[in-house]
Amino acid sequence: VSSLVDLVVNNPLLLAEAALNGLLLGGVLALLALGLNLIFGVLDVVWIVYVDLVTLCMYLVYFLVQVYGWPLLLGGLAGIALGVLLGIGVHLLVITPILNSPPVNQLLATGGLLFFIQSLATFLWTTDHRTVRLNLPTLEIGGMFVSFARLVAFALAVLVMLGLYLFLTRTYIGTAIRAVSQDRGAMALMGANPQRVYVVTSAVGGALAGVAAALLIIQYSVHPYFGAAFGPITFMICVLGGLGNMLGAFVASFILSEIISIGGVAWSTEMGYVIAFALFIVLMFIRPGGIFARRQ
Amino acid sequence: VSRVAGLVLLALAAAAPLVPMGGMREYVLHVIIQIFVWSFIGNAWSLMGRFGLVSLGHGAFLGVGAYTTTLLWNFYGLTPWVGMLVAMAAAVVLAVVVAYPCSRFGIVGHYFALVTLAVGEVVRLLIIAERDWTGGSLGVTLRAAGDASLVALQYADKRVFYYGSLGVWLLGLYVWHRIDRSMARAAMEAIGEDETAAASVGIHVSRFKLAITAVSAALTALGGVLYAQYIAYVNPETLAGVGVSLRIVFAVVLGGMYSLLGPTVGTALTIALSEYLRITFGVHLIGMAETIYGLVLVVFIIFLPAGIYGSVRDLLTRRRPSPARAAA
């Protein structure tokens, strides 16, 4: 605690910079949480492998842009296309056969897939960190430095979130997705085809993984354990925000990212994560429905 | 018949180090010790897993166990014989601190898995953060106490650890068997199916869950201690966090978590496979072993949730699957 007080009193600029970086990290986390929240939160299917799918898309964008010289926009679109394919593939090959077994089995099966992707990536591309080199400017605001790439990612995360919200509430298929998440059986009884809804949702979730990948590759280097680094925290955001609650996940991203960022400056990066995880565990106990849930 | 077969196998296991294997002995013993230790740990995990308490944070108990004894020995010269009791107690405390609120607030299924996953990460990150005395992500080497020391529980001779890990593995099987034959099993199966229904017929849900979690945590910590003493080096990546936690789960699921020897079969297969690939392809195929068993695992969860051993046994004995198995 003393080091936090020390930071507030003696180095307010450092604290402000940490807070600002936390805000931008929050944008990244929110972006990662969007697709997962659609699949895990709305559809209630556990894809523990989600961030590793993002990793695969990041590899694709990296190779297309950095190695083959594609423009970033085109590479990003290819990443989104791969995300769609991966999303549909995971649903049809892994989830469909065990859709009606306990969620823990979905978690374990996609966990096997996670192992598969991580080790295949290690095998194919080694553990090297790969970065797309772009000369993006760094902005200076009142003596603090902010990466432009992060600002763009942040803005896009907000836009995509709004789009997703409108998609779920204003479109026919969005309504169907919410209906299937409420009662699978009833959906079928009404004469609708739940499988189609699942496939569409998985495709959209995969596309969001591609969007996240395209925006992340310009600020992070990709390596086989990228998914391991961001996976747990992304899941925690979805749970904390209240499953399927897009706004909740958005707020949760920023709460956790501020803790990580300020804790990282006050103590160490690891301690920042420790506090964030500990907070998650405690909040799970006192507010299992997420931070915005009404108490039953 | 199975008792006789068991005794014969046990006699073979006891005699194994005496078989002349030339230069291969050290290596063969090393692999078998690994199998015993990780089977024991997998067995400890399956005590909870078979009743639907799927923990993805057993690395936490492993890490608490291994680091407690190692640090107590390195800094205070406390013998691991006492250290392992402290370690097991610490793991039980951690387990209760996590499991009590989980049980109290009805956190089950995949939510329970996510909470335990966070706990595993917290322990791993704490070990890295406290790098001044834990060595951070570089790990810590056990302070050497000569060639052979009973006090320090360090032996250069692998045969000592062979018999030690064989004994611990048998202990794990014994505990599993005792629980399998007790009222606790019936109670836990009922709880695993429907907590409210179980409580309504007078089963003390929290008490049974806490007890089984505490036993599982204590045994896992013991496994961590044994592993640390044998390897004489501890590292947060191999002993805590998501990676090792998932590895334990996978080996058990592969073998079958509803049967006595399932975890052992699964662990033996995964270790044998990775050793085989390592020897055949050398370092060129780093990651290949995991790639294969990641894929095998997906197939197993989908088609053979009772695991290899469980399925084969069911096929041979033609028993109807137990309710717990049918549910999984």
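Q: The expected span of a helix is 1.5 Å times one less than its number of residues; what makes helix 6 of chain A, at residues 148-170, a match for that rule?
A: Helices here are DSSP runs of H or I with at least four residues, strands are E runs of at least two, and both are numbered from the N terminus. Helix 6 of chain A has 23 residues and reaches 33 Å from its first C-alpha to its last, which is close to the expected 33 Å.

Q: What kind of model is this, and how are its parts numbered?
A: It's a predicted model, where local features need pLDDT of at least 70 and side-chain atom pairs need 80 or more, while totals for chains, interfaces and linings use all residues. Residues are numbered from 1 along each chain as its sequence is written, chains are lettered from A and ligands numbered from 1 in the order in which they are written, and side-chain values use heavy atoms, leaving out hydrogens and water.

Q: Which residues of helix 6 of chain A are called buried?
A: Buried means under 20% relative accessible area, exposed means over 50%, and partly exposed is in between (1.4 Å probe, protein chains only). In helix 6 of chain A the buried residues are Ala149(A), Arg150(A), Ala153(A), Ala157(A), Val160(A), Met161(A), Leu164(A) and Leu168(A).

Q: Why is the contact of Arg131(B) with Glu270(A) called a salt bridge?
A: A salt bridge takes a side-chain nitrogen of Lys or Arg within 4 Å of a carboxyl oxygen of Asp or Glu. Arg131(B) and Glu270(A) meet at 3.4 Å, N to O, so the pair passes. It crosses between chains, from helix 6 (residues 131-134) of chain B to helix 12 (residues 269-286) of chain A.

Q: Are the two partners, Arg131(B) and Glu270(A), buried or partly exposed, and why?
A: They get different labels: Arg131(B) has 38% relative accessibility, so it counts as partly exposed, while Glu270(A) has 17% and therefore counts as buried.

Q: How many salt bridges turn up over all chains, and which ones sit within a helix of chain B?
A: The count comes to eight over all chains. Among those within a helix, Arg124(B) meets Glu121(B) at 3.1 Å, N to O; both lie in helix 5 (residues 109-129) of chain B, three residues apart, about one turn. Both of these residues, Arg124(B) and Glu121(B), are buried. Another is Arg185(B) with Glu189(B) at 3.2 Å, N to O, four residues apart in helix 8 (residues 183-193) of chain B. Salt bridges with shared partners join Arg50(B), Asp180(B), Arg185(B) and Glu189(B) into one network.

Q: Why do Arg185(B) and Glu189(B) get the burial labels they do?
A: Arg185(B) has a relative accessible area of 22%, so it is partly exposed. Glu189(B) comes in at 17%, and is therefore buried.

Q: What makes Thr126(A) and Ala232(B) stand out in their backbone angles?
A: Each has a positive phi without being a glycine: Thr126(A) is near 55 degrees and Ala232(B) about 65 degrees. Thr126(A) sits in the loop between helix 5 (103-125) and strand 1 (138-141) of chain A, and Ala232(B) in the loop between helix 10 (205-231) and strand 4 (233-234) of chain B. At 37%, Thr126(A) is partly exposed; at 24%, so is Ala232(B).

Q: How do you know that Cys238(A) and Cys102(B) are in no disulfide?
A: A disulfide needs a pair of cysteine sulfur atoms within 2.5 Å, and the structure holds zero of them over all chains. For Cys238(A), the nearest cysteine sulfur, that of Cys57(A), is 17 Å away. For Cys102(B), the nearest is that of Cys238(A), 19 Å away. Both cysteines count as buried, with Cys238(A) at 0% and Cys102(B) at 3%.

Q: Why is the pair of Phe115(A) and Phe250(B) called edge-to-face?
A: Rings of Phe, Tyr and Trp (its six-membered ring) pair if their centres lie within 6.5 Å; planes under 30 degrees apart are stacked, over 60 edge-to-face, and the rest tilted. By this rule there are 18 aromatic pairs over all chains. The rings of Phe115(A) and Phe250(B) have centres 4.9 Å apart and planes at 75 degrees, so the pair is edge-to-face. Phe115(A) is in helix 5 of chain A and Phe250(B) in helix 12 (residues 241-255) of chain B, so the pair joins two chains. Phe115(A) and Phe250(B) are both buried.

Q: Which residues form one aromatic cluster in chain A?
A: Tyr59(A), Tyr62(A), Phe63(A) and Trp125(A) do.

How values were computed. Expected span 1.5 Å × (residues − 1).
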